[in-house]
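Please open the structure in a viewer and keep the selection panel at hand. The tour below proceeds stop by stop, naming what to select and then describing what is found there.

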Amino acid sequence: MTTRGDQILDQPLNKIGGKGLFIKELEVAMQEGRADFAVHSLKDVPMVMPRGFTLAAMLEREDPRDAFISARFGSLEMLPAGAKIGTSSLRRMVNLRRRYPTLDFVPVRGNVGTRLKKMEAGECDALILAVAGLKRLNLLSKVTSFLEIEDSLPAPGQAALGLECLTVAEEVSEILSELDHAPTAVCCTAERAVSRALGGSCDVPLAAYATVDGFEIHLRAWLASNDGAKFVETESRGMVDDPEGLGLRVAQELQRKFI
């Protein structure tokens, strides 16, 4: 199915309704009985699920890094002043502008193929895309270099897939739950809790990324103003049986630092 988020490509996502545009039509299809469940990129799923719907499973996370793609330059460091970087992510724009203030970040939307064509047509000198999407499309050969987690902290849920169904569809939910990957679910639940507490949307530049180490979760996150003038970060650890609590604590710490 093609959603409104896929169709409107000439405006920034935060100006036309946010990430929910990618899932509304799929939810209508479930309500009308045309679909039993939907598969989403988890980072595009709103932090508060609509009434009547549930995330029944989170699949094992792919590579969560961002990728640098350019036909002419080998890395961000090699780009000359004024070079144009194409991305649809406010998180990426704000974070990378802090490190590379001489570069120009321009909004580029559309599927991966569309974005690559826009770069080839000269609309930008390079692209920043999620490695996971490129890998799923067998386009890893397009990657010029990888951005490490420390340099480009991922969005909450980045590289994981979420399976959504109707809350009343108990049989479907039970089947889907067999596909749930516990470590991914724990990490993404913590990350989404940070975003939810901070009103996370396309209008709020933030990042959150968690990893599991034994019975502990290590959660890193940052929050910034839209222009990047304010930027605060923090990290914390918590037990795997309370990812929501850890996410909330990290969000509160970010809020405290941001004020």
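Is Ser152 buried or exposed? Before answering, please note that this is a predicted model. Select Ser152, which is found in the loop between β7 and β8 (161-166). Its relative accessible area is 1%, and a residue counts as buried when that value is under 20%. Ser152 is therefore buried.

**Stop 1: the surroundings of Ser152**

Keep Ser152 selected and add Asp66, Arg91, Asn95 and Leu147. Ser152 touches each of these four, leaving aside residues up to four places away in sequence. With Asp66 there is also a polar contact, made between the two side chains at 2.6 Å.

Now turn from Ser152 to the pair Asp66 and Arg91. These two residues form a salt bridge, and their closest N and O atoms are 3.3 Å apart. The pair joins distant parts of the chain, since Asp66 belongs to strand β3 while Arg91 belongs to helix α3, 25 residues apart. Asp66 and Arg91 are both buried.

**Stop 2: a network of charged side chains**

Side chains of opposite charge can pair when their charged atoms come close. Select Asp63, Arg65 and Glu148, which are linked in a network of salt bridges. Which residue meets Asp63 in a salt bridge? The partner is Arg65, with a distance of 2.8 Å from N to O between the side chains. Both Asp63 and Arg65 are buried.

The side chain of Arg65 also meets that of Glu148 in a salt bridge, at 3.3 Å from N to O. Here again distant parts of the chain are linked: Arg65 is in the loop between β2 (53-58) and β3, Glu148 is in the loop between β7 and β8, and 83 residues separate them. Glu148 has a relative accessibility of 37% and so counts as partly exposed. In the whole model, the count comes to 14 salt bridges.

**Stop 3: the sheet of five strands**

Change to a cartoon view and select β3 to β7. These strands form an open sheet in the order β5-β4-β6-β3-β7, with mixed pairing. Which strands are at the edges? They are β5 (104-107) and β7 (145-147), each of which pairs on one side only. From one strand to the next, the twist averages 30°.

Within this sheet, select residues 66-69 and 126-130. These are strands β3 and β6, which pair in the antiparallel sense over four bridges. One position to highlight is Ile69, whose bridge partner in β6 is Leu127.

Next, add two helices. Helix α3 (residues 90-99) packs on the sheet and touches β3, β4 (84-87), β5, β6 and β7. The direction of α3 makes about 175° with that of β5. Helix α4 (residues 112-120) packs on the sheet as well, touching β3 and β6, and its direction makes about 165° with that of β6.

**Stop 4: the sheet of three strands**

Select β9, β10 and β11. Together they form an open sheet in the order β9-β10-β11, with antiparallel pairing. The edge strands are β9 and β11 (231-239), each pairing on one side only. The twist of this sheet averages 15° from one strand to the next.

How many bridges join β10 and β11? The two strands pair over nine bridges, in the antiparallel sense. Among the positions to look at is Leu219, which stands opposite Ser236 in β11. Helix α3, already visited at the previous stop, packs on this sheet too: it touches β9, β10 and β11, and its direction makes about 80° with that of β10. Then show α8, which lies across β10 and β11 and runs at about 155° to β11.

**Stop 5: the nonpolar cores**

Finally, display side chains for Val194, Leu198, Leu219, Ala221, Leu223, Val250 and Leu254. They belong to the largest nonpolar core, which has 17 residues, and they touch the most other members. At least two residues of this core come from each of α7 (182-197), β9 (206-213), β10 (216-224) and α8 (243-258).

Centre the view on Val194. Leaving aside residues up to four places away in sequence, Val194 touches Ala208, Leu219, Ala221, Gly247, Val250, Ala251 and Leu254. To end the tour, select Leu79, Ala126, Ile128 and Leu147, which are included in a second, separate core of 14 residues. Leu147 is also one of the residues that Ser152 touches, which returns the view to the starting point.

Notes
Residues are numbered from 1 along each chain as its sequence is written. This is a predicted model: local features need pLDDT of at least 70, side-chain atom pairs count only at pLDDT 80 or more; totals for chains, interfaces and linings use all residues. Side-chain values use heavy atoms; hydrogens and water are left out. A nonpolar core is a set of buried Ala, Val, Leu, Ile, Met, Phe, Trp, Tyr and Cys residues joined through side-chain atoms within 4.5 Å. Buried means under 20% relative accessible area, exposed over 50%, partly exposed in between (1.4 Å probe, protein chains only). Contact means heavy atoms within 4.5 Å. Two strands pair if DSSP finds at least two bridges between them. Axes are lines fitted to C-alpha atoms, for helices over the stretch in contact, and angles run from 0 to 180 degrees between N-to-C directions. A polar contact is a pair of N or O atoms within 3.5 Å; within protein, one must be able to donate a hydrogen and the other to accept it, and residues adjacent in sequence count only if both atoms are side-chain atoms. A salt bridge is a side-chain nitrogen of Lys or Arg within 4 Å of a carboxyl oxygen of Asp or Glu.
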